[in-house]
Amino acid sequence: MLRRPLLIASLGNPPPQYRNTLHSAGHTLLSSLQQHLSYPPFAKSRPHGNALISSGDDFTLWQSPTFMNVSGPAVATAWKTFLRDLPNEHRTRAKLVILHDELESPLGKIKVKIGGSARGHNGLKSCVSSLGGMAFARIGVGIGRPESRESRDVANYVLKKMSVMEVHKVNEGVEEMVDILMKMQEE
């Protein structure tokens, strides 16, 4: 049986300024996945929207180069390039998986969803718009929630740097994520 080709795309804000912020938890977990799988170091790829990319036998890992809220066009470019580079017989089975931060979920909790509403997540809204309503899988990594619901407090919360313990908690989800991705490949 052919394994389903997967493009794992992380959303977040661009490094180095926003490296390991809560809002970039998707990037943090994707980097952990790259190390866990012993994939080559991330390298910039112009055809994939000037993003960082690392490919191995099972997955292609892609890190958005843009700010979270406008990531859709870059994701759409990467998806089109990913499909174009696949052999014809694999294109219809390919799947896009978007890895993102999940406000409201406990820190490090992994949550999987196929399609559905972006529920106020501006990065996901941008992707839905740019992909023309195409269904894609989502893996959210929990980042908790500040006590205040004021938009300024939420913005300050998601843009704060994670502590070493918080980064560790996010990275603990890597094995669960591998299991999820392997199951997606076999669907």
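Two strands are said to pair if DSSP finds at least two bridges between them. The exercises below use this idea on a predicted model.

**Exercise: the hairpin of E2 and E3**

In which sense do E2 and E3 pair, and which residue of their hairpin takes a positive phi?

Solution. Begin with the bridges: strand E2 (43–45) and strand E3 (residues 51–55) pair in the antiparallel sense over three bridges. One of the partnerships can be found by residue, since Ala43 has Ile53 as its bridge partner in E3. Next, follow the chain between the strands, where the hairpin has five residues, and there Gly49 is found with a positive phi near 80°.

**Exercise: a histidine in the loop**

Decide whether His48 is buried or exposed, and find which residues it is in contact with.

Solution. First locate the residue: His48 sits in the loop between E2 and E3. Then compare its accessibility with the cut-off, which for a buried residue is under 20% relative accessible area; His48 has 11% relative accessibility and therefore counts as buried. Finally, set aside its neighbours within four places in sequence, and the contacts of His48 are Ile53, Trp62, Thr77, Ala78, Thr81, Phe82 and Asp85.

**Exercise: strand E4 and its partners**

Work out with which strands E4 pairs, and which way its residues point.

Solution. Take E3 as the starting partner: E3 and E4 pair in the antiparallel sense over four bridges, they form a hairpin with three residues between them, and Leu52 stands opposite Gln63 in E4. Now turn to E1, which pairs with E4 in the parallel sense over five bridges, and here Ile8 stands opposite Leu61 of E4. For the directions, recall that in a regular strand the side chains alternate between the two faces of the sheet. In E4, Phe59, Leu61 and Gln63 point one way, while Thr60 and Trp62 point the other way. As a last step, look at the covering, and five of the five residues of E4 turn out to be buried.

**Exercise: the nonpolar cores**

How many residues has the largest nonpolar core, and which element gives the most to it?

Solution. As background, nonpolar side chains in soluble globular proteins tend to be buried together. In this model the largest nonpolar core has 29 residues, and those with the most contacts inside it are Ile8, Leu29, Leu33, Val97, Ile139 and Leu181. Several elements supply at least two residues each, including strand E1 (6–10), strand E4 (59–63) and helix H7 (174–186), and H7 gives the most, with six residues. Apart from this core lies another, of 21 residues, among them Ala9, Ala76, Leu124 and Leu131. To see one core residue in detail, take Ile8, which touches Leu30, Phe59, Thr60, Leu61, Trp62, Val97 and Leu181 when residues up to four places away in sequence are not counted.

**Exercise: the second largest pocket**

Which residues are the closest to the centre of the second largest pocket, and which element gives the largest share of its lining?

Solution. Start with the space, which is about 270 Å³ in this pocket. Of its 16 lining residues, Arg19, Asn20, His27, Thr28 and Ser31 are the closest to the centre. Two or more lining residues come from helix H1 (25–36) and from helix H6 (164–171), and the largest share, five residues, comes from H1. Sorting the lining by class completes the picture, with five nonpolar, 10 polar and one charged residues.

Methods
Residues numbered from 1 in each chain as written. Predicted model: local features only at pLDDT ≥ 70, side-chain atom pairs only at ≥ 80, totals over all residues. Heavy atoms only, no water. 1 Å grid on protein atoms, 1.4 Å probe; cavity = no way out; pocket = protein on both sides within 12 Å on 5 of 7 lines; lining within 4 Å. Points joined across faces, edges and corners; volume = space filled by probe spheres on them. Nonpolar A, V, L, I, M, F, W, Y, C, P; charged D, E, K, R; others polar. Core = buried A, V, L, I, M, F, W, Y, C linked by side-chain atoms within 4.5 Å. Buried < 20%, exposed > 50% of the residue type's maximum accessible area, 1.4 Å probe, protein only. Contact = heavy atoms within 4.5 Å.
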